[in-house]
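Subject: The structure for you to look at

Hi there,

Here is the structure I promised to pass on. Have a look at it first, and then read my notes below.

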Amino acid sequence: MEYFERPAGGEGAILVHLDLRQGGQDEDLDEFRLLASSAEVAVLAVVTGSRQRPDARLYAGTGKVAEIRDAIAATGAEVVLFNHALTPAQERNLERELQCRVLDRTGLILDIFAQRARTHEGKLQVELAQLDHLSSRLVRGWTHLERQKGGIGLRGPGETQLETDRRLLRKRIDYLKARLEKVRQTRSQGRAARQKAGVPTVSLVGYTNAGKSTLFNRLAGADVYAADQLFATLDPTLRRVSLDGIGPVVLADTVGFVRHLPHQLVDAFRATLEETVQADLLLHVVDAGHPERDLHEQAVRQVLQEVGATAPVLMVYNKLDTLPDQQPRIDHDEWGVPVGVWISARDGRGFAELLQAMQATLASPWEEAWLSLPAALARLRARLYSLGAVLEECPDDQGGGLLRVRMLTQDLGQCLAREGLTRADVLWDEKAAAMHSHPATE
């Protein structure tokens, strides 16, 4: 049973957006409107302004807070949403001044995630993020007891209740982390099995509402929920499909990213995002016609860096149907390697080019080869087996033998480097094959 059962939405809200001349944390007001719409909030008024820097106590300053208070009185709004990250103290002070519930940008995103989670795993991850966010704000619910802090006759229920709630929160957070660790281990076993079978994983990543789920549905023939709204997809979806010219692959659709994605969400969804970290190819889907396309790309790269994703990236510039002057094409780097594809997931244009670019990108990292390993390299042999890379082994009389392996070229190089070896030291090449009989004929 989760701690929080959020309402389906429908509340009236005041949006507050301030342009800060310092700090570099400005957010997009249009995106904030979309976030509110995705939370099924009715926007009754928008209060904007500018400041040199945030006010330490109220973030918006006394004059702007008075303007917000007037807007609440005029519209009957039930909640005020700030397009900024508020400290617990600022949230508490604003609620005291406005006599109205206040949520910051992080709280709004968490609310959307709470509404969208459908699978058990997704609900666990959202609850963990909520509790982590709430833990620093727990005191807010007990302001009427905060004065009971010591002194004869004043020790007891308020302070005790607060400490009890904090302890329960910590216990629940520890429990959720343990459950998600089991999820991570299960996913790790699944990835090991796919690697052993030589099935590559292609993970779709990108800014929210870039069209990942529409592309996923067209590639996989699936029916994942896709809509023109932020965070339409929350729960991770995996499909094993066979793509023309590529063969069997596992497609992974992941949650969309936003600028300044709350760290609680990055941490909570780490088990899911490991599909991205361990992928053989990342399809970075971009809304090609969005006016802030470059900022969206930068936000996604930042999150990928946070979770340690190092797989090859193929840029997929989607929504070509919104750019009448653009035609499907493949962009190459100076070495002729595909780096970008222009498509429309909605009408299917550019899919031949996409499959061609995916085939070229996936073909290069995987390698199948015979390795000649003497008995002294038993540790290397054991590691290759632990990675599930060994397809066949032909032992010799000296305790060594030949191993046929299939693995990523990068991983093979790392395994050899760990033992101080190069490819030339162990690779059973054509020259060696001419000097020795083929292992299958022994």
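In which hand, left or right, does H2 pass H3 in their crossing? I'll come to that pair after a few notes on the basis.

This is a predicted model, in which local features need pLDDT of at least 70, side-chain atom pairs count only at pLDDT 80 or more, and totals for chains, interfaces and linings use all residues. Residues are numbered from 1 along each chain as its sequence is written, and side-chain values use heavy atoms, with hydrogens and water left out.

**Overall**

The protein has 15 helices and 14 strands; these are DSSP runs numbered from the N terminus, helices being H or I with at least four residues and strands E with at least two. Of its 442 residues, 49% are buried, where buried means under 20% relative accessible area, exposed over 50% and partly exposed in between, with a 1.4 Å probe and protein chains only. Contact here means heavy atoms within 4.5 Å. Among the contacts with a separation of 6 or more, 69% come from residues 24 or more positions apart.

**H2 and H3**

Back to the opening question: the crossing of H2 past H3 is right-handed, meaning that the near helix is turned clockwise from the far one by less than a right angle, while anticlockwise would be left-handed. Helix H2 (residues 62-75) packs with helix H3 (residues 88-98) at about 55°, and their axes are 10 Å apart. That angle makes H2 oblique to H3. The cut-offs are under 35 degrees for roughly parallel, over 145 for roughly antiparallel, 65 to 115 for roughly perpendicular, and oblique for the rest. Axes are lines fitted to C-alpha atoms, for helices over the stretch in contact, and angles run from 0 to 180 degrees between N-to-C directions.

On the H2 side, Val65, Ile68, Arg69 and Ile72 meet Leu94, Glu97 and Leu98 of H3. By class, this contact has five nonpolar, no polar and two charged residues. Nonpolar covers Ala, Val, Leu, Ile, Met, Phe, Trp, Tyr, Cys and Pro; charged covers Asp, Glu, Lys and Arg; the others, Gly among them, count as polar.

**The four-stranded sheet**

Four strands make an open sheet in the order E2-E1-E3-E4, with parallel pairing. Its edge strands are E2 and strand E4 (101-103), each pairing on one side only. Two strands pair if DSSP finds at least two bridges between them.

- Strand E1 (residues 12-20) is mostly covered, with eight of its nine residues buried.
- E1 pairs with strand E2 (residues 42-51) in the parallel sense over nine bridges, and His17 has Thr48 in E2 as its bridge partner.
- E1 is also joined to strand E3 (residues 79-82) by four bridges, with Ala13 partnered by Val79 in E3.
- Three bridges link E3 to E4, where Val80 stands opposite Val102 in E4.

Helix H1 (residues 29-38) packs on this sheet, touching E1, E2 and E3, and its direction makes about 160° with that of E1. H2 lies across E1, E2 and E3 too, running at about 165° to E2.

**The seven-stranded sheet**

Seven strands form another open sheet, in the order E6-E7-E5-E8-E9-E11-E10, with mixed pairing. The edges are strand E6 (237-243) and strand E10 (329-332), each pairing on one side only. The twist averages 25° from one strand to the next.

At one edge, E6 and E7 run antiparallel over seven bridges, and Thr237 has Asp253 in E7 as its bridge partner. Their hairpin has three residues between the strands, and Gly245 there takes a positive phi near 80°. At the other edge, E10 pairs with strand E11 (residues 338-342) in the antiparallel sense over four bridges, with Arg329 partnered by Trp342 in E11.

Helix H10 (residues 293-307) lies across E5, E8, E9 and E11, at about 150° to E8.

**H7 and H11**

H7 packs with helix H11 (residues 351-363) at about 80°, with axes 13 Å apart. The two are therefore roughly perpendicular to each other. Leu215, Arg218 and Leu219 in H7 meet Phe351, Leu354 and Leu355 in H11, a contact of five nonpolar, no polar and one charged residue.

Happy browsing, and best wishes!
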